[in-house]
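This report is written for a reader meeting the structure for the first time. It begins with one pair of neighbouring strands and then widens to their surroundings.

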Amino acid sequence: METVIKQAVGIDCGSQELVVTLGQLSITQGFTCKSSQCFANNEGGFKKLQKWVLDELVPDSPILYVMEATGVYHDVGSPKKLSILG
């Protein structure tokens, strides 16, 4: 079994959908894109995204969530907030 040392979930936010890719870094194979999926940009889509990530992750390996810094998502003072982790 390959040892995954880091994982990242990249999220591209659109007005209607979230395009998400899970990447993993392993000791021998380097970086690989394990899986990609699109989700609706609404509460139901967030719940499906959360379940998908939990199903795809390698347990006990660090994970980082990253998203583009455009629009209001990167603005700390913004009234809009994205929370997929509950």
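## A pair of strands

In this predicted model, strand β2, which covers residues 17–26, runs antiparallel to β3 and is joined to it by 10 bridges. Two of the facing positions can be named: Val-20 has Gln-37 of β3 as its bridge partner, and Leu-18 stands opposite Phe-39 in β3. Together β2 and β3 make a hairpin, with three residues lying between the two strands.

## The sheet and its helix

The hairpin belongs to an open sheet of four strands, whose order is β3-β2-β1-β4 and whose pairing is mixed. Strands β3 (30–40) and β4 (63–67) lie at the edges and have a single partner strand each, so one side of each is left without a neighbour in the sheet. On average, neighbouring strands of this sheet are turned by 20° against each other, when direction is ignored.

Helix α1, formed by residues 43–56, packs on the sheet and touches β1 (4–13), β2, β3 and β4, while its direction makes about 155° with that of β3.

## A closer look at Ser-26

Ser-26 is found in strand β2. This residue counts as buried because its relative accessible area is 7%, which is under the 20% limit used for that term. The side chain of Ser-26 reaches the backbone nitrogen of Gln-29 at 3.2 Å. When neighbours within four places in sequence are left aside, Ser-26 is in contact with Glu-2, Thr-3, Val-4 and Ile-5.

Conventions. Residues are numbered from 1 along each chain as its sequence is written. This is a predicted model: local features need pLDDT of at least 70, side-chain atom pairs count only at pLDDT 80 or more; totals for chains, interfaces and linings use all residues. Side-chain values use heavy atoms; hydrogens and water are left out. Two strands pair if DSSP finds at least two bridges between them. Axes are lines fitted to C-alpha atoms, for helices over the stretch in contact, and angles run from 0 to 180 degrees between N-to-C directions. Contact means heavy atoms within 4.5 Å. Buried means under 20% relative accessible area, exposed over 50%, partly exposed in between (1.4 Å probe, protein chains only). A polar contact is a pair of N or O atoms within 3.5 Å; within protein, one must be able to donate a hydrogen and the other to accept it, and residues adjacent in sequence count only if both atoms are side-chain atoms.
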